[in-house]
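Subject: Structure handover

Hello,

I am passing the structure on to you. Please open it first; the notes on what was found in it come after.

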Amino acid sequence: MYLNTHTCYSLRYGTIKPEELLQTAKSKGFSTLSLTDINSTTACIDFVRLAAKHKIRPVLGVDFRNGVQQEFILLARNNQGFKNINEYLSRFLHQKEFRIPSKPTDMAEVFVIYPFSKYDKEPLKSNEFLGVRPDDIPKLKFSRSKWSADKLVMLQTVSFQHKKGFNTHRLLRAIDNNTLLSKLPLSEQGNEKDMMLTAGELLRLYKDFPRIIENTQWILEQCSIAFEFDSGIPKNQKTYTNNEALDFRLMRKLAYQGLKYRYKKLGTRIFNRLEKELEIIQQKQFVSYFLINWKILKYARSKNYYYVGRGSGANSIVAYLLRITDVDPIELDLYFERFINLYRKNPPDFDLDFSWRDRDDITNFIFKRFKHTALISVYNTFKFRASVRELGKVFGLPKEEIDKLTKGRFHIDQLDFLSKLVIAYSKFIEGFPNYLGIHAGGILISEKPISHYTATFLPPKGFSTTMFDMVVAEDIGLYKFDILSQRGLGKIKEAVEIIRYNKPDIPPIDIHDIKRFKEDKKIKYLLKNAKAIGCFYVESPAMRMLLKKLQVDNYLGLVAASSVIRPGVSKSGMMREYILRYRHPERRKDAHPILLKIMPETYGVMVYQEDVIKVAHYFGGLTLGEADMLRRGMSGKFRSREEFLKVRARFFDNCIQKGHSHELTSEIWRQIESFAGYAFAKGHSASYAVESYQSLFLKAYYPLEYMVATINNFGGFYRVELYLHEAKMHGGIIHPPDINKSNYETRIEGRHIYLGFILLHAFETANAKRIVLERSRNGNYTDLDDFIDRVPVSVEQIAILIKINAFKFTGRNKRELLWEAYMKINKINFEVQVATLFNSEKVTYRTPPLPSSRYEDAFDEMEYLGFPLCDPFELLTESTGPSLMAKDLMDHIHKTVVTYGYYVTVKNTSTHKGDRMYFGTFLDRNGDYLDTVHFPPVARKFPFRGRGVYKLTGKVMEEFDSISIEISSMEKLGVMQDPRYTEDEPKKHNP
């Protein structure tokens, strides 16, 4: 009987979750229910899925509104009608700003319902009706309506469950209007009575108008909607060639052609694996999925784009032969059933990484090449702390009070009434959808038009995007293609290009010769000694320490390390156990015999995602389907908690029947549970390791060029300053931006690295590009006058260039240059310079001697680059004197020492009790790394205070040859004042 209901996906309006709406309808005696969210079909598919569970017949539609003002409701008679509604809604959502008309265009298989109180137009068509609200009934009783009773239907809107829901609605409307709750106009609010009544209550309201009731029932009876859930048949584009048999022949042909490219020697193991995969891929109807991935990457290779194929699909030999991945599953003995098995409903994951520079073109190619394509959205939800801030503003709380509430610095009993309301409602709306975003890389390529399932909206990049997320997409059998971007690939590609111009005499580099890299002694040295700054994920402090502990110098060791480092493995204690068994072979016998047999390569320790499947299958007696369900449940990709708990119970029952003790079973389950959601598939780790080897090769042989490429691709784990430090350690000479040498991005000449204009804070991009363009057309700038003549730039902008020493080549003092620039340039000088036949003679100004020091340079660099180019220890107010260096710490194990370090980065984490502790990374005066541990009591007493040099006092600790300092006290040292603002000459000292 309800034709107009809203969920919380009527963004910043509705306050009922879809399942709560269905539960309420069931409890109030309804067996049919329509869902008509405002300008949205986000919840529709999930509503249909959940309706079956509650035994309610679903009806779908959309409430078309301008803001809060309702224009009309469209209800779908069937799936075709729903498709038509989606296409109509998408027309508006693809515009930056839109206004819903008062009357829709004609659509087949759709009912239109206008608000009775508003409609006064031409006669209604056969599919058009007027919705009579309860408030309209008195008017209807005492007025002679020109509309026949045949055209009237019930229109009791449902937006809230209860009074608290309406209050929440008002708060959401205030957030949406960016206004105080007290100033929220009634025109921006829904009706307080828009709640669900029981069937009896609703019928009593309209008892005097039985024809209205009959019309409403008739419309609902005419509507039906159906989607297939859990059918096991993918709804992705069904064929690549428009013929399934031809698709399979093509995939088989491409795979056998790939054998020559991938293998020098072929054997039965390769052929058996290939045939087994081909058979199952065909059975599971995943052939087009593989071919579409192949086509995308064929295009990428044609454009010379670097890419990495990873995910569970990297366990596949077919993917390897089609060049979707670069990981050999035979060499690595990758577990086939993690990639695919007959019980698996969804296709294997292929995460395709491209350079951030290339990804948009790949996406554009996909949209042009494949007909029914859309990006996937994500639901950006209200988070508690952000909600506290938003609601604090809505209630008019002062900023200080909002800050206190946001940081949790309060006791609930000591708060005033308004602050308590802010906390209570922030908790209530936590998890509510706030706005739709875009999935990091998910793209759908469907057999049917996307509008069969949902309307789409158009984000700024211009690619249509679904209104539901990946979980809903998978529910109906639409599986995403992951087209991701990462900066690591951009670094590798650009480094090769830089080497080509900076070292033109060397032969071309084959960056894909991974087999040679695996045996390279220099790369082995970098790995074993953890000298991998800039090299993809192996550069992080945690990975650097793990590599030292493992002393990894080979590919398989790195593959394992990249999964061992994941949070769950380390927290469960399995990382430590793996290191012990790796370094001490005699300890491997402590492993349970079954686990050691299942996972001999990792000494009976679960390291990879597929280890969960192996242990669940062989140790816990689960079927492969149940084991995969277990893995997906723990990774947060599983829909039903009930099904997951059934699988868990079966695991325990099977283990007891197999004779395993409850203690052992519980421990194995604890290990599975602690890491299954975090660990990588082995093929995924191997794909990452391939990229790491490419980075390590470049770092080993071309460190300066590689560091420049790293900086130009916006670094990695660290800031630009550290990558410049790394370049210095390899003999690089660093120069500030130079108007004759620098480009927009950083560049290198021999060993000389010239920072790019992009690194200058507050320097405009247009000016940077203008400088480079003018120089490329008409040659180097000869002096300040020549620059002013040729480049239109404001005095504020040229001042930045002078202060950063971009005119150093003139040999003139920068204070003099600043005075001259101020005299010769108008306050704003944006006119385009016009070339003249003769250069006019320039006025020369005499300035008094204006000396400047290198310390001034350091402070200008800190202002405009964010860091000094000199040694930061030189800027201390007092000398640190002689102290221990990182290389000396091995001789002082368990001793308390004092050393000095320049702050690089810090990682915070929580203890089991929830207290905050930190892991710090510093550089000593020699440029070597100091690693520190700050336990909660010390962390509270001696907090980090930003960048600078710190005096570090603590006990030297050693674990598996990895050295760290357990800090007992820490003090940030003072830095000299900027000499331009102090009368005294800065003291020079030897740090």
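**What was found**

Strand E5 is joined to strand E6 (residues 152-154) by three bridges, and the two strands run parallel. In this pairing, glycine 131 is opposite valine 153 of E6. Please keep in mind that this is a predicted model.

E5 has a second partner: with strand E4 (residues 110-115) there are four bridges, again in the parallel sense. Here tyrosine 114 stands opposite leucine 130 of E5.

Is E5 (residues 128-132) enclosed or open? Five of its five residues are buried, so the strand is largely enclosed by the rest of the structure. Both of its faces are covered, with Glu128, Leu130 and Val132 buried on one side, and Phe129 and Gly131 buried on the other.

Helix H2 (residues 44-53) can be read in a similar way. Seven of its 10 residues are buried, so H2 too is largely enclosed by the rest of the structure. The buried residues are Cys44, Ile45, Asp46, Phe47, Val48, Leu50 and Ala51. What do they pack against? Their partners are two strands, E1 (32-38) and E2 (57-66), and three helices, H1 (18-27), H3 (79-93) and H17 (470-475). After H2 comes lysine 55, which has a positive phi, near 60°.

Next, the nonpolar cores. The largest one has 136 residues, and the residues with the most contacts inside it are Leu558, Leu698, Phe787, Ile798, Leu801 and Phe807. Helix H30 (residues 682-701) gives the largest share of this core, nine residues. With neighbours within four places in sequence set aside, leucine 698 is in contact with Ile492, Ala495, Val496, Ile499, Ile511, Pro703 and Tyr706. Another core, of 90 residues, lies apart from the largest one, and Leu33, Phe72, Ile476 and Leu478 are among its members.

Last, the cavities. How many are there of 30 Å³ or more? The count comes to two. The largest has a volume of about 70 Å³. Its lining consists of Tyr289, Asn346, Pro347, Pro348, Asp349, Glu474, Tyr479, Lys480 and Asp482. Sorted by class, four of these lining residues are nonpolar, four are charged and one is polar.

Regards

Key:
Residues numbered from 1 in each chain as written. Predicted model: local features only at pLDDT ≥ 70, side-chain atom pairs only at ≥ 80, totals over all residues. Heavy atoms only, no water. Buried < 20%, exposed > 50% of the residue type's maximum accessible area, 1.4 Å probe, protein only. Pairing = 2+ DSSP bridges. 1 Å grid on protein atoms, 1.4 Å probe; cavity = no way out; pocket = protein on both sides within 12 Å on 5 of 7 lines; lining within 4 Å. Points joined across faces, edges and corners; volume = space filled by probe spheres on them. Nonpolar A, V, L, I, M, F, W, Y, C, P; charged D, E, K, R; others polar. Contact = heavy atoms within 4.5 Å. Core = buried A, V, L, I, M, F, W, Y, C linked by side-chain atoms within 4.5 Å.
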